[in-house]
Amino acid sequence: MARAEQVLVLEPPQELKFRGPFKDVVTATLKLTNPSDRNVCFKVKTTAPRRYCVRPNSGIIDAGTSINVSVMLQPFEYDPNEKSKHKFMVQSILAPRDMTDMEGVWKEARPEELMDSKLRCTFEMPLENDKATEHHVAPKSSSASLDDGEVKKIMEECKQLQMEVQRLREENKQIREDDGLRKRKLTTVPSPHSKNMANSMMTREEGLSTRVLALCLLFFVIGAIIGKLVL
């Protein structure tokens with residue numbers, strides 16, 4: 001007598017794909033959905049039990065619900081010339097409404113009550129384009145960072161700029177004080193020569209202020225760059 005048609009819906013329906021590299025455990029997910037109005041008992045079996053770890057490998061799926069089964073492939077040496085012959089089978093049976101012992105249900109099940117679906121396994125390695133992308137990204141990240149010598153050099157330059165800014169500030173302050181004294185003197189004895197001297201001092205003061213502002217801005221930009229590199 002022919003077996004009953006599988007009541008569970010499998011995703012993927014026919015093939016479990018495992019993508020390398022296979023130096024670590026690679027996991028594929030199998031989703032089992034029970035669209036019926038009855039609870040369903042299930043088991044997951046494989047032709048290579050030593051190569052896979054399945055969790056959960058058996059259980060009950062309530063009516064109208066689904067579960068995810070993790071199929072974990074153990075690490076191995078991948079040979080592209082070797083085709084995988086591993087297969088999985090999902091076996092199921094409608095759970096009796098008064099079920100108390102799931103193992104007893106499997107033992108007492110008649111062949112015509114059992115339903116099963118088979119899946120094959122395939123192994124895939126990353127595409128060459130993916131590898132090229134990974135190799136392309138790696139040098140970019142390494143070139144974006146600076147070694148300790150370069151960072152130390154930039155820090156030294158920033159220190160010198162900071163000292164230069166401080167010196168210019170002090171010089172600017174001194175010029176302002178001297179200019180104040182001259183202005184007070186010029187107000188008492190105005191003359192064309194004194195006006196020219198005042199204009200000259202103002203021009204010099206403006207030049208120094210511009211230099212101080214430019215150095216401060218440069219110091220801020222370099223500090224921001226260093227902050228990003230350190231982070």
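Reader: How do the residues of the lining of the largest pocket divide into nonpolar, polar and charged?

Author: In this predicted model, the largest pocket is lined by 13 residues. Proline counts as nonpolar and glutamate as charged, and both P96 and E113 are among the residues nearest the pocket centre. The full lining divides into 7 nonpolar, 2 polar and 4 charged residues.

Reader: Which element gives the most to the lining of the largest pocket?

Author: Two elements, β8 (87–94) and α1 (102–108), each supply at least two residues of this lining. The pocket that they help to line has a volume of about 230 Å³. With 3 residues, the element that gives the most is α1.

Reader: In what order do the strands of the open sheet stand?

Author: The sheet is open and is formed by 5 strands, with mixed pairing. From one strand to the next, the twist averages 25°. The order is β2-β9-β8-β4-β6.

Reader: Which strands stand at the edges of this sheet?

Author: Strands of a sheet pair through backbone hydrogen bonds, either parallel or antiparallel. An edge strand here has a single partner strand, so one side of it is left without a neighbour in the sheet. The strands in this position are β2 (15–19) and β6 (58–61).

Reader: Which residue in β9 does V90 stand opposite?

Author: Strand β8 covers residues 87–94, and β9 covers residues 115–124. These two strands run antiparallel and are joined by 6 bridges. The residue in β9 that stands opposite V90 is S117.

Reader: How far apart in sequence are the parts that R120 and E15 tie together?

Author: R120 forms a salt bridge with E15, and their closest N and O atoms are 3.1 Å apart. R120 lies in strand β9 and E15 in strand β2, so the pair ties together two separate parts of the sequence. The distance between these parts is 105 residues.

Reader: Is R120 buried, partly exposed or exposed?

Author: The relative accessible area of R120 is 43%. Buried would require a value under 20% and exposed a value over 50%. R120 is therefore classed as partly exposed.

Reader: Which residues are linked in a network of salt bridges?

Author: The structure holds 3 salt bridges. The side chains of E112 and R110 meet in a salt bridge of 3.0 Å, N to O, and those of E113 and R110 meet in a salt bridge of 2.9 Å, N to O. The network therefore links R110, E112 and E113.

Reader: What is the relative accessible area of R110?

Author: E112 is partly exposed, with a relative accessible area of 28%. E113 is likewise partly exposed, with a value of 28%. R110 is also partly exposed, and its relative accessible area is 45%.

Reader: How far apart in space are V9 and P35, C-alpha to C-alpha?

Author: V9 has its place in strand β1 (residues 9–11). At 38% relative accessibility, V9 counts as partly exposed. V9 and P35 are 26 residues apart in sequence. Their C-alpha to C-alpha distance in space is 7.6 Å.

Methods
Residues numbered from 1 in each chain as written. Predicted model: local features only at pLDDT ≥ 70, side-chain atom pairs only at ≥ 80, totals over all residues. Heavy atoms only, no water. 1 Å grid on protein atoms, 1.4 Å probe; cavity = no way out; pocket = protein on both sides within 12 Å on 5 of 7 lines; lining within 4 Å. Points joined across faces, edges and corners; volume = space filled by probe spheres on them. Helix = DSSP H or I, 4+ residues; strand = E, 2+ residues; numbered from the N terminus. Pairing = 2+ DSSP bridges. Axes fitted to C-alpha atoms, helices over the stretch in contact; angles between N-to-C directions. Salt bridge = Lys/Arg side-chain N within 4 Å of Asp/Glu carboxyl O. Buried < 20%, exposed > 50% of the residue type's maximum accessible area, 1.4 Å probe, protein only.
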